[in-house]
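Q: Got a minute to walk me through this one? I'd like to start with the big picture and then pick at details.

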Amino acid sequence: MQEIIEKIHHGGLLNEMEKIKLSFKKATELDIDYLLCLREETMTEHLINAGVEVSKESNINRIMHLFNQAKIIFYNDEKVGFLKVIENTEKIEIIQIQIDPKHQRKGIGQKILSSIFEKAFCKNLKVTLSVLKGNRAIQLYLKNGFKITAENTNSFIMTAQKPQ
């Protein structure tokens with residue numbers, strides 16, 4: 001913990017984040033097997049804990065939801081995740097963000113959120129997402145300025161707005 005505080009204090013963590021070079025590629029049907037494996041690795045535990053049905057069919061249905069917005073995330077030319085975002089005149093909504101567990105806690109999610117915030121806040125848009133209750137990603141979202149603005153049986157609806 002002290003090492004992280006020192007990195008933040010001396011700008012080291014920010015410098016490390018700046019070094020993270022991500023690229024995105026529109027997902028195609030050739031990516032569905034990868035996306036299914038990624039979803040099973042990243043979501044099964046959270047879905048079960050939330051009491052949500054887990055099946056190959058339900059996972060494929062979720063992957064195919066707004067598939068035209070799906071992007072594969074690459075870090076150093078390696079597939080590391082999946083992102084779906086939609087934008088309208090009021091907000092940018094993060095539909096899905098999944099980072100391969102082997103690449104979590106490396107600043108990739110942070111970098112993606114920062115990029116989305118930059119785009120949204122330049123346009124005075126809010127950023128919203130839905131996250132399953134009990135998902136560890138809630139801490140990342142809270143740390144980055146999201147607030148819980150609503151909830152349903154299984155999920156929190158979170159919103160971040162441009163700082164005043």
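Q: How many helices and strands does the protein have?
A: There are six helices and seven strands. Keep in mind that this is a predicted model.

Q: What pattern do they follow along the sequence?
A: Read along the sequence, the pattern is α-α-β-α-α-β-β-β-α-β-α-β-β.

Q: OK, the sheet. What is the order of its strands?
A: The order is 1-2-3-4-5-7-6. The sheet is open, and its pairing is mixed.

Q: Which strands are the edge strands?
A: Strand 1 (22-26) and strand 6 (147-151). Each of them pairs on one side only.

Q: And what does the twist average from one strand to the next?
A: It averages 30 degrees.

Q: Back to strand 1. In which sense does it pair with strand 2, parallel or antiparallel?
A: Antiparallel, over five bridges. Strand 2 covers residues 70-75. To give one bridge, L22 has Y75 of strand 2 as its partner.

Q: Which strands does helix 3 lie across?
A: Helix 3 (residues 32-49) lies across strand 2, strand 3 (78-87), strand 4 (91-99) and strand 5 (126-132). The helix runs at about 95 degrees to strand 4.

Q: Let's zoom in on one residue. Where does T159 lie?
A: In strand 7, which spans residues 155-160.

Q: Why does T159 count as buried?
A: Because its relative accessibility is 11%, and buried means under 20%.

Q: What does the side chain of T159 make a polar contact with?
A: With the side chain of T149, at 3.1 Å.

Q: Which other residues is T159 in contact with, leaving aside its neighbours within four places in sequence?
A: Besides T149, the list has K126, V127, T128, G145, F146 and K147.

Q: New topic: pockets. What volume does the second largest pocket have?
A: About 300 Å³.

Q: How many residues line that second largest pocket, and which lie nearest its centre?
A: It is lined by 13 residues. K71, L83, V85, I116 and K119 lie nearest the centre.

Q: Which element gives the most to that lining?
A: Strand 3, with five residues. Helix 5 (108-122) also supplies at least two.

Q: Last one, for the whole protein. What share of the residues counts as buried?
A: Of the 164 residues, 38% count as buried.

Q: And what share of the contacts with a separation of 6 or more comes from residues 24 or more positions apart?
A: Those residues account for 58% of such contacts.

Technical notes. Residues numbered from 1 in each chain as written. Predicted model: local features only at pLDDT ≥ 70, side-chain atom pairs only at ≥ 80, totals over all residues. Heavy atoms only, no water. Pairing = 2+ DSSP bridges. Helix = DSSP H or I, 4+ residues; strand = E, 2+ residues; numbered from the N terminus. Axes fitted to C-alpha atoms, helices over the stretch in contact; angles between N-to-C directions. Contact = heavy atoms within 4.5 Å. Buried < 20%, exposed > 50% of the residue type's maximum accessible area, 1.4 Å probe, protein only. Polar contact = N/O pair within 3.5 Å; in protein donor to acceptor, adjacent residues only side chain to side chain. 1 Å grid on protein atoms, 1.4 Å probe; cavity = no way out; pocket = protein on both sides within 12 Å on 5 of 7 lines; lining within 4 Å. Points joined across faces, edges and corners; volume = space filled by probe spheres on them.
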